[in-house]
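Me: Could you take a close look at one part of this protein for me, the largest nonpolar core, and then place it in its surroundings?

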Amino acid sequence: MNTLLGIGSRIRHDAFGDGVVINLKASGYTITFIETGVKILKFDAPLTILEALEPDSDLVSLFDVEQSLTRILQRWVDQTELVPLGDKWKGGKLILKPGRADLSTKEMPIDAFFHKIVMVRDRLRVLEQRINASPLDDEEKINIQQYITRIYGSLTSFNLLFKNQQQQFAGEKTMADV
């Protein structure tokens with residue numbers, strides 16, 4: 001059978017008798033049979049179509065649903081992506097030495113400093129997404145987005161710490177970058 005049946009279609013099956021399609025699942029049709037109850041049959045099961053109804057045009061596959069949920073969760077969850085520090089910096093220290101001799105030097109593990117930079121980047125991304133989803137008009141969104149792009153540009157100095165180039169900060173893109 002090459003035709004996809006919609007909910008409410010009436011069919012006849014050699015073993016189970018007359019039935020009505022009550023649901024479509026990834027595994028096949030859910031059919032209520034008059035004499036034998038509810039059965040799930042594969043889409044290619046041998047059936048005689050008594051009355052075919054068109055499936056709803058808004059049917060989506062489980063894959064489509066999973067992809068949509070993944071995009072939504074990535075957009076709205078304030079979750080930090082695992083971003084590796086460049087190998088040459090692992091175990092290193094950031095040393096801040098003041099210009100005045102009467103002040104002490106400040107040391108910090110580079111990986112702790114890097115983690116804070118990644119958190120700033122991730123929070124900027126969430127801010128961008130919230131602005132894009134907000135009821136602000138397009139001109140206001142563009143103006144705010146330009147400020148965020150400039151912030152990314154200011155943070156490009158820290159790109160030397162990133163192991164993977166695709167995870168680095170990017171400021172304004174030129175036509176060559178697009």
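Reply: Happy to; here is the core, followed by the fold around it and a look at the surface.

A word on the basis: this is a predicted model, where local features need pLDDT of at least 70, side-chain atom pairs count only at pLDDT 80 or more, and totals for chains, interfaces and linings use all residues. Residues are numbered from 1 along each chain as its sequence is written, and side-chain values use heavy atoms, with hydrogens and water left out.

The largest nonpolar core has 14 residues, and Phe114, Leu161, Phe162 and Phe169 have the most contacts inside it. Such a core is a set of buried Ala, Val, Leu, Ile, Met, Phe, Trp, Tyr and Cys residues joined through side-chain atoms within 4.5 Å. Buried means under 20% relative accessible area, exposed over 50%, and partly exposed in between, with a 1.4 Å probe and protein chains only. Helix H2 (110–133) and H3 are the elements that give two or more residues to this core, and H2 gives the most, with 6 residues.

Stepping back, the protein holds 3 helices and 7 strands, in the order β-β-β-β-β-α-β-β-α-α along the sequence. Helices (H or I, at least four residues) and strands (E, at least two) are DSSP runs, numbered from the N terminus. Of the 178 residues, 23% are buried.

One buried example among the strands is Gly28, in S3 (residues 28–33), with 0% relative accessibility. On the other side of the scale, Asp138 belongs to H3 (residues 138–154) and is exposed, at 57% relative accessible area.
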